[in-house]
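Biologist: Hi! I'm new to reading models like this one. Can we go through it together?

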Amino acid sequence: MSVPALLDQLGSRHDGARTAQDMVRSALDGDRAGVRVLADAGQRIGAAVAIICNLVNPDRVIIGGELSAAYDILVPSLRTALERDALPFASAQVTVCRGQLGDRAVALGSVAAVLHSTSGFLRRSRPDGPGAEQNAAMR
């Protein structure tokens, strides 16, 4: 479920929440409508995570992005849905945790992907690295 969809759900009950931060802040301050919207989102995310666990059996599910600040509201219902819908060994094996990178996650992931994809290229093109003789012969 997207943040705009959650804000739309909350908007029908509130006029105050305009951003994900507003929604999370009001829920953490005890706003019942905000808590309900986020808990429902946690349940739907948990059902989706259960399918992923059944298919690929990951070790870890990381809650990140704009809604990671609502971790304590999202995770109980997420975990309930995960345990209900996933195969028992899959739900027992997975750890659900909060992302630690915050707003930098996308940028750092992009940098890591570029470095990973170019690391083989850099090793092959280095004059003194593996294949140096072959590189010299090609010049």
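Biologist: How much space lies in the largest pocket?

Modeller: Keep in mind that this is a predicted model. Rolling a probe the size of a water molecule over the atoms shows where empty space is left. For the largest pocket, that space comes to about 170 Å³.

Biologist: Which helix gives the largest share of the lining of the largest pocket?

Modeller: The lining includes Ala20, Gln21 and Val24, along with others such as Arg98 and Asp103. By type, the lining residues split into three nonpolar, four polar and three charged. Three residues of the lining come from residues 20-28, and that stretch, with the largest share, is helix α2.

Biologist: At what angle do helix α3 and helix α4 pack?

Modeller: Two packed helices are described by the angle between their axes and the distance between the axes. Here α3 covers residues 32-56 and α4 covers residues 71-85, with axes 7 Å apart. The contact of α3 with α4 has 14 nonpolar, five polar and two charged residues. As for the angle, the two helices pack at about 35 degrees.

Biologist: And what is the handedness of the crossing where α3 passes α4?

Modeller: Picture α3 and α4 with their axes 7 Å apart, as before. The crossing of α3 past α4 is right-handed.

Biologist: Where in the chain is confidence lowest?

Modeller: Across the chain the mean pLDDT is 82, and 81% of the residues reach 70 or more. Confidence peaks in α4, at 95. Where pLDDT is low, the predicted coordinates should not be read in detail. The lowest confidence, a mean of 54, belongs to residues 132-138, helix α7.

Definitions and conventions. Residues numbered from 1 in each chain as written. Predicted model: local features only at pLDDT ≥ 70, side-chain atom pairs only at ≥ 80, totals over all residues. Heavy atoms only, no water. 1 Å grid on protein atoms, 1.4 Å probe; cavity = no way out; pocket = protein on both sides within 12 Å on 5 of 7 lines; lining within 4 Å. Points joined across faces, edges and corners; volume = space filled by probe spheres on them. Helix = DSSP H or I, 4+ residues; strand = E, 2+ residues; numbered from the N terminus. Nonpolar A, V, L, I, M, F, W, Y, C, P; charged D, E, K, R; others polar. Axes fitted to C-alpha atoms, helices over the stretch in contact; angles between N-to-C directions. Left-handed = near helix turned anticlockwise from the far one by under 90°. pLDDT = per-residue confidence, 0-100.
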